Amino acid sequence: TAVSGTIPSIDWSTGGDKYLKVEIAPQGGTNYTIQGTTQLLSVPYALYAEKTRLIGGNAITITNGNTISANYVAGNAINITANTISGNYQAGTGISITGSVISSTANLNSWLLTGNIGTTAANFFGTTDNQRINFRTNNITRMYLDQSIPAFGADLGHLSLSSEADVAIRPSQLSIFGRDIAGATMPALFVSYVGGATWGVAGGNTSGRFFRLSQMSTTFVQSHFYDVGMSQDSSFYIGDHGFQNVGGVLAKKMFTISPQDMVGINLDMSEKPTAVFHTKGSLRFQNINTNNTYSRVLAMDANGNVASRDASTLPGSSLWVPDANGIHNSAGNVGVGGNSRTDAAFSVMGTSAMPWTVDINSSYDWQTAVNVKNSTSNGWYQLVVGGTGNAIPTYGVGVGNFGIVRALSAGGSTIPIIINQNDFVGISNNNGGTNFQPKSRLHISNGDVYIDQIGSGVIMKSPNGQCWRMTVSDAGIPVFTAIPCP
């Protein structure tokens with residue numbers, strides 16, 4: 001098929017052989033005469049060869065249009081010799097290179113981050129030299145595994161969270177999230193091996209401790225601690241101050257539970273409770289409720305055993321009988337500070353260290369009174385000290401005054417004696433009160449002074465210091481006789 005156009009527009013890469021046909025129209029117009037047809041050979045194909053022109057890229061050089069050469073630069077682990085490029089890899093520990101194959105020779109001796117397979121009982125994670133293993137996060141030691149060799153020679157494994165040097169600024173927390181499955185497992189298990197050990201508190205011996213609760217005031221200085229363990233008799237205990245002498249006092253079982261389910265408080269390490277609750281030392285109850293309807297008490301024998309007992313069975317308890325106003329003694333005599341007396345229902349014996357044998361006090365603002373009464377004669381007297389309210393004009397001993405009051409059988413009373421705060425003594429048969437207080441050292445009101453002993457009288461001292469006794473003659477005339485002053 002004839003193609004019209006220009007020579008450069010011919011697609012020399014397609015269409016098979018190419019021919020050139022020449023036609024001429026001598027007279028012009030369209031009356032062409034074929035002059036001949038000629039097959040185009042290789043020379044015209046040079047027009048297509050332009051499409052095969054090569055351009056040099058990175059590390060490629062083209063010289064004279066037909067020479068291509070490489071300009072490679074050897075990198076790490078790469079060798080270039082003439083036209084040969086080869087690797088220069090060096091096998092490290094646990095790596096083998098054979099030809100073009102790189103493989104591991106230490107697969108079972110390395111712990112992979114994605115886990116290992118094919119491990120045996122001979123494999124382990126750790127060291128074969130005496131170096132601790134540190135576990136870090138954020139490049140900070142959070143835990144380490146080490147060995148500890150105390151002075152008495154034991155080789156101990158030592159696992160520590162954080163470190164004693166960093167505990168103040170980088171404390172650690174151990175959390176155990178487990179599950180208690182009866183007969184199978186529990187969140188935590190502590191076992192202390194005591195086989196072949198000597199029981200005792202000396203260094204190198206065992207006391208069956210499991211762990212220690214401690215507080216530190218400075219780095220690795222324990223200010224106070226408690227140990228938890230099981231003693232030789234299989235009792236659980238919490239011990240105070242560890243097991244060294246602290247101020248000459250050995251550690252104790254501050255709290256212990258025996259295999260017989262008995263609880264002990266403050267026992268020595270060699271002791272175990274012998275009762276359901278066994279305490280050694282003082283016992284204090286505070287804020288106990290009061291209930292007077294209870295009739296049982298706690299009683300103790302000579303060995304310290306305590307039991308409940310009916311209060312009425314205690315020796316002497318039947319002598320004290322409750323009544324509407326409190327209690328009273330139904331039989332026998334009472335002694336305070338000494339044995340009771342056979343001739344006194346109530347006796348008090350003081351000591352040389354007591355400034356007062358009996359102290360009687362009352363907050364009643366009228367008076368403090370002690371009754372002295374005989375039931376056969378109905379004689380009744382009171383020893384009275386007046387209170388702040390004892391200030392009635394016609395009755396009472398007076399504020400702060402002492403008096404002896406006599407109760408009258410028909411009702412009412414008189415106050416035969418009043419001693420006021422000026423040490424004046426008043427004797428009368430009236431009712432006292434603020435209007436009837438003694439006005440001299442001895443004040444007698446509403447009565448006489450009777451001296452029945454012949455020769456006795458009233459002694460007085462004259463201004464010159466001479467003492468005189470005043471008596472009376474048979475004629476009733478006062479007689480004054482000079483006598484030595486008493």
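This is a short tour of three places in a predicted model, with a suggestion at each stop of what to select.

**Stop one: a three-stranded sheet**

Start by selecting residues 133-137, which are strand β9, and 156-161, which are strand β11. Add residues 140-148, strand β10. Together you now have an open, antiparallel sheet whose strands come in the order β9-β10-β11. The two edge strands are β9 and β11, and each of them pairs on one side only. If you look at how the strands lie against one another, neighbours in this sheet are turned by 15° on average, with direction ignored.

Now zoom in on the pairing of β9 with β10: these strands run antiparallel and are joined by five bridges. For a landmark, show Phe-135 and Met-143; Phe-135 stands opposite Met-143, which belongs to β10.

Next, pick Leu-161, which sits in strand β11. Is this residue buried, partly exposed or exposed? Leu-161 counts as partly exposed because its relative accessibility is 36%, and that class lies between under 20% for buried and over 50% for exposed. Try a distance label from Leu-161 to Phe-135: their C-alpha atoms are 9.3 Å apart, while 26 residues separate them in sequence. Then display what Leu-161 touches. Leaving aside neighbours within four places in sequence, its contacts are Arg-142, Met-143, Ser-172, Gln-173 and Leu-174. Met-143 is thus a residue to keep on screen: it is in contact with Leu-161 and stands opposite Phe-135.

**Stop two: a hairpin**

Move on to residues 296-300 (β18) and 306-310 (β19), two antiparallel strands joined by five bridges. Show Arg-296 and you will find Asp-310 of β19 opposite. The two strands make a hairpin with five residues between them. In that turn, select Gly-304 and check its backbone: phi is positive, about 90°.

**Stop three: a nonpolar surface patch**

Finally, switch to a surface view and select Ile-427, Leu-442, Ile-444, Val-449, Ile-451, Val-458, Met-460, Trp-468 and Phe-480. These residues form a nonpolar patch on the surface, and together their accessible area is about 770 Å². Which strands supply at least two residues each? They are β29 (442-444) and β30 (458-461).

Close with Ile-444, one of the patch residues, which is located in strand β29. Ile-444 counts as partly exposed because its relative accessibility is 33%.

Note on methods
Residues numbered from 1 in each chain as written. Predicted model: local features only at pLDDT ≥ 70, side-chain atom pairs only at ≥ 80, totals over all residues. Heavy atoms only, no water. Pairing = 2+ DSSP bridges. Helix = DSSP H or I, 4+ residues; strand = E, 2+ residues; numbered from the N terminus. Axes fitted to C-alpha atoms, helices over the stretch in contact; angles between N-to-C directions. Buried < 20%, exposed > 50% of the residue type's maximum accessible area, 1.4 Å probe, protein only. Contact = heavy atoms within 4.5 Å. Patch = residues over 30% accessible without salt bridge, like charges linked within 9 Å, V, L, I, M, F, W, Y side chains within 5 Å. Areas by Shrake-Rupley, 256 points an atom, 1.4 Å probe, with all protein chains shown as cover. Salt bridge = Lys/Arg side-chain N within 4 Å of Asp/Glu carboxyl O.
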